[in-house]
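Here are some exercises to work through with the model open beside you. Try each task before you read its solution.

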Amino acid sequence: MQKFVGTGVALVTPFNEDLSVDFNALRKLVNYNIDNGINYLVINGTTGESGTITKEEKEEIIKVIVDENKGRLPLVLGVGGNNTQTVVEELQSLDLSSIDGILSVAPYYSKPTQEGFYQHFKAVSLASPKPVILYNVPGRTSKNMEPATTLRLARDFENVVAVKEAGNNQQQYLELLKDKPEDFLIISGDDDLALGVALAGGSGVISVIGQGLPKEFSKMIQLGLEGKNKEAYEIHYKLMDIVDYIFEENNPAGIKSVLKKQGICSDKVRLPLVAATDELQNKISDFIDNM
């Protein structure tokens, strides 16, 4: 699954002043990332505010990104939830002909057991005609999918090809890397830990900050994958503050502030999220001005 190695970005959904989807800005964002070294694009993930965009908007977002991408980069689509049957039905009903993989978040709020995680993703695997990337993000779902469960799924289902691990837990990454099947990908979902994961044998990152600073971030990850730790850490240290800033209040308000500064899209988000405070926007603006 080389198409999911390197730097993927979880694209934001740009909004107009009236909070309708800004499709012109979305096209601009897609090209900005393609032109600056990103390896694949992730559509309708958490950073895309998937919780507050409608089914019709999601379908139009997919259509626009597919059209603008023109086959240049692999595309991964977020399809997940805490109602297993609904996820299965969505996978069976979607036109996935232009999609290269599915990113499916661990069930949130319900707090399933490890066997519950396994049975949920078994159903997702059997329903999906495309490769599946598991997504473990306990900070959002409130329950950690343990490495043993992830690796059990990796061994039992051929189309479960990777995990986006976002537990912000270095030890958990190392447990996954130590015991994983040879061709199973460990993808960082933590921008601050992504370089260390790449250097330890991971396959890259699905990033938030990557879409705002695609040239710098993708270069850092590529150097990490090549084992060039000194050169990679030089970039890492330069980006540390901005990575902290974008998650200081909420995601994607922080990254949208970065993108607004760069003239790509507005910083509008839908409730219950609110835009970054003036204080945070000023810190982000000063950082970019002084890069």
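In which loop does K111 lie?

Start by finding K111 in the chain; it sits in the loop between β4 and α4. Before going on, a word on what you're looking at: this is a predicted model, where local features need pLDDT of at least 70, side-chain atom pairs count only at pLDDT 80 or more, and totals for chains, interfaces and linings use all residues. Residues are numbered from 1 along each chain as its sequence is written, and side-chain values use heavy atoms, with hydrogens and water left out. As for the names, helices (H or I, at least four residues) and strands (E, at least two) are DSSP runs, numbered from the N terminus.

**Exercise 1. Look at the backbone of the loop between β4 and α4.**

Step one: check K111, which isn't a glycine and yet has a positive phi of about 55 degrees. Step two: move to Y109, found in the loop between β4 (101–105) and α4. Y109 is not a glycine either, and its phi is positive, about 70 degrees. Step three: ask whether Y109 is buried or exposed. Buried means under 20% relative accessible area, exposed over 50%, and partly exposed in between (1.4 Å probe, protein chains only). With a relative accessible area of 71%, Y109 is exposed.

**Exercise 2. Describe how α3 and α4 pack.**

Step one: recall that two packed helices are described by the angle between their axes and the distance between the axes. Axes are lines fitted to C-alpha atoms, for helices over the stretch in contact, and angles run from 0 to 180 degrees between N-to-C directions. Step two: read off the values. Helix α3 (residues 84–93) and helix α4 (residues 114–127) pack at an angle of about 15 degrees, and their axes are 9 Å apart. That makes α3 roughly parallel to α4 (angles under 35 degrees count as roughly parallel, over 145 as roughly antiparallel, 65 to 115 as roughly perpendicular and the rest as oblique).

Step three: list who meets whom, with contact meaning heavy atoms within 4.5 Å. From α3 come T84, V87, V88, L91 and Q92, and they meet H120, A123, V124 and A127 in α4. The residues of this contact of α3 with α4 divide into 6 nonpolar, 3 polar and no charged. Here Ala, Val, Leu, Ile, Met, Phe, Trp, Tyr, Cys and Pro count as nonpolar, Asp, Glu, Lys and Arg as charged, and the others, Gly among them, as polar.

**Exercise 3. Work out what surrounds E68.**

Step one: place E68 in helix α2 (residues 55–69). Step two: its relative accessible area is 13%, so E68 is buried. Step three: find its neighbours. Not counting residues up to four places away in sequence, E68 touches R27, V30 and N31. With R27 there is also a polar contact, side chain to side chain, at 2.5 Å. A polar contact is a pair of N or O atoms within 3.5 Å; within protein, one must be able to donate a hydrogen and the other to accept it, and residues adjacent in sequence count only if both atoms are side-chain atoms.

**Exercise 4. Find out how covered helix α11 is, and by what.**

Step one: count. In helix α11 (residues 253–261), 7 of its 9 residues are buried, so the helix is mostly covered. Step two: name them: A253, G254, I255, K256, S257, V258 and L259. Step three: look for the cover, which includes α1 (23–35), α10 and α12 (278–289).

Step four: check both ends. P252 is found in the loop between α10 and α11, and a cis peptide bond joins N251 and P252, with omega about 20 degrees. On the other side, α11 is followed by G263, whose phi is positive, near 75 degrees.

**Exercise 5. Explore the loop between α11 and α12 through D267 and P272.**

Step one: D267 lies in this loop and, with a relative accessible area of 9%, is buried. Step two: D267 touches K256, S257, K260, A275 and Q281, leaving aside residues up to four places away in sequence. The side chain of D267 makes a polar contact with the side chain of Q281 (3.3 Å). Step three: P272 has its place in the loop between α11 and α12 too. A cis peptide bond joins L271 and P272, with omega about 15 degrees.
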